[in-house]
Amino acid sequence: MISSMMSTLPPSIITSRKRRRQRRLLLLPSSLLVLSLSVTICLFLSCSGLLLQISAKEITATSEWQLLGENDTIPAGLHVRVDLSTGEKWAKLPNDDDAEADEKIKAAAVEDEGGSSSPVVNVATMDASGALTIVPDYDNNDTNNDSSDDSRTTKRDYTMMHRVMSQLPPEELEPFGGLPALPSSSSNSSTKLTAKEKQEFEAKMELLWQKRQEELKKLEDSIADLPKMLKERIGTIKGYLMDSNAKLMEILEERHNDDDDDDDQDEEDYDDDDDGKANNVVKALRDLEFLLSDVDMARDFHTLGGWPYLIALLDETLHDVNNDDDRTAAAAALVDEVRALAATTIGTAVGNLGEFRPWALEDVSSTIHELRNNTMVGDEKVTALSLLTQVFKQELDQRTEAMAGGTMAVEGPSNTIAKAKSRATYKLRAIYGLGSLLRGNPTAQQMFISNNGPELLVRNVLGTLSNVRGPTEISLSRLDYKFASKVLALGEDIVMDVVLHDQDYVQTDESTSDGIKDKYAAEGVVTANQLVASFTTEQWCDLSLRMLSPPTEVVGETISRGIKERALGAVRAMAPSCQLNQGDRGDSWGVEEVKRVRAEWNREGSGD
């Protein structure tokens, strides 16, 4: 079976196996093999009345090949031949013209590769220390191959082929018509095949074997060139950023055509039409979201220069939407989809490993200005963290403008429900990406605090929950509460980062001098106390208690329970600081709310 299967392996694998075989074939030193006379050793072992006799003798070497018995020993310096297919060993005196006979002895061994008429010749080499290794005799093999290429005939072991293929799952054999019955090896068996039946059996096995080899070859050829794949995805993203309006229209047109063809196109035709190629930015980002979950792929993506272009997708100014087009609303929703996929991909890549955390603050301003065709690079750094934070600041600004105009809804009266859903989904993905950048990353957390990030987040959440949704917008309300729950969970995690890993943060207490505190303030250093305080303001504390009572009729029983559990975790983490902020009323902060939730769960029979 091994020789049959080796014919399907690349030469590099076959050579590697033979090299491993070399290392395993080591014999004892020749000094232990030399005996001055023949001896007979009789070991009498009493075991169930049986007598075991083991004999050993040293052969008398001649110039003719002698077959060595199982217990025979040989004097040093003989020419040894090993038959690798049977394990038989032969020995004789070396010829006078043997090369380097006084230093090493070579013995040819024949190995039949898959029944070929041109066997592979190996050489067993024994050096002066008595160590024996097996190596291919490439010169001899090449000579044999050259001389027999024209006349070589293939003789296969079809019984072995049958054994190999019988190990395959039945569903893999069905496309080949199944496996024929194995002929009996007994001459008395009624199932023994005639010469014609044997010929038919061998013909079918040959056909099955060839089809299987073709299948394996196709599988080998289909193995993706991963660096090439990453480069193609990076090129697709860059192409989109260079002409976003045209690319957006192409995607919308493609989706429109797919909708028209849904009734006429079966699944197989659809797959052939799509062909798995990431020919637009949406498909490229979906591929990358999966690919960058692998640590090595994420590292290679960054090394190949894809990170700045991925971050650039978060910049709203690089998505050019033609306001005069009839499909402006659809294009705007598509932009949110692209940015949401970019945020998810960022979160997936950075969340892999601690060594990727510095990417959160990696400056990509030069790429952004290049894509804007602006050669003047500003002093302000542009990072993944800053652009994801900007998402929530921009919405707060839009809310302020809407309220100034007498409109309470965040989205504004001109936006469709589809646009509102796309924006809500983008916010969910953005908070996922932001959380991946901040969790376990003290440097990024300090930068986030310096840019007033916690206040932007909590104000955005409270404003989102204050939206008045109609009965037809329950799905939007559900997204709003999911978003609020994820923001609260992020605040809890950062507070617990400080508590559990205080050695990674700058600590101050009552004993810290005013001079040291002033120095930290001048240098923009955010201390551990300041970081915790940023996530335990009155607004954050109120949000944690509010999320203990989500509207079950809107979000559903299952989602409601998950929101309450996360909120309880946040209350537990924030309670010390929230109670301290309440002054004299601090001891009672959150007590009644938590008791109410516990009572509700007890009534539901949760066993809590």
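User: Hello! Which residue in E5 does His 79 stand opposite?

Analyst: His 79 faces Lys 92 in E5. Please bear in mind that this is a predicted model, in which local features need pLDDT of at least 70 and side-chain atom pairs count only at pLDDT 80 or more, while totals for chains, interfaces and linings use all residues. Residues are numbered from 1 along each chain as its sequence is written, and side-chain values use heavy atoms, with hydrogens and water left out.

User: What makes E4 and E5 a pair of strands?

Analyst: Two strands pair if DSSP finds at least two bridges between them. E4 and E5 are joined by four bridges and run antiparallel, so they meet that rule. Strands here are DSSP runs of at least two residues and helices (H or I) runs of at least four, numbered from the N terminus. E2 and strand E5 (residues 89-92) also pair in the antiparallel sense, over two bridges. One contact there puts Leu 67 opposite Trp 90 of E5.

User: Why do E2 and E4 count as edge strands?

Analyst: The open sheet has three strands in the order E2-E5-E4. Strand E2 (66-67) and strand E4 (79-82) each have a single partner strand, so one side of each lacks a neighbour in the sheet.

User: What makes the link between Cys 541 and Cys 578 a disulfide?

Analyst: The sulfur atoms of two cysteines must lie within 2.5 Å. For Cys 541 and Cys 578 the S to S distance is 1.9 Å, so the link qualifies. The structure holds one disulfide. This link joins distant parts of the chain: Cys 541 is in helix H23 (residues 538-546) and Cys 578 in helix H25 (residues 557-581), 37 residues apart.

User: How do you know whether Cys 541 and Cys 578 are buried or exposed?

Analyst: Buried means under 20% relative accessible area, exposed means over 50%, and partly exposed lies in between (1.4 Å probe, protein chains only). Cys 541 has 1% and Cys 578 has 0%, so both are buried.

User: Why is the pair of Phe 392 and Phe 483 called stacked?

Analyst: Rings of Phe, Tyr and Trp (its six-membered ring) pair if their centres lie within 6.5 Å; planes under 30 degrees apart are stacked, over 60 edge-to-face, and the rest tilted. By this rule there are four aromatic pairs. Phe 392 and Phe 483 have centres 5.9 Å apart and planes 20 degrees apart, so "stacked" fits. Both rings are buried, Phe 392 at 2% and Phe 483 at 1%.

User: What makes Lys 427 a charge over the ring of Phe 483?

Analyst: NZ of Lys or CZ of Arg must be within 6 Å of the ring centre and within 35 degrees of the ring normal. The charged end of Lys 427 sits over the ring of Phe 483, 4.4 Å from its centre. Arg 81 likewise lies over the face of Trp 65, at 4.6 Å from the ring centre.

User: How do you know that the span of helix H14 agrees with what is expected?

Analyst: The expected span is 1.5 Å times one less than the number of residues. For the 23 residues of H14 (residues 328-350) that gives 33 Å, and the end C-alpha atoms are 33 Å apart, so the two agree. H14 is also mostly covered, with 19 of its 23 residues buried.
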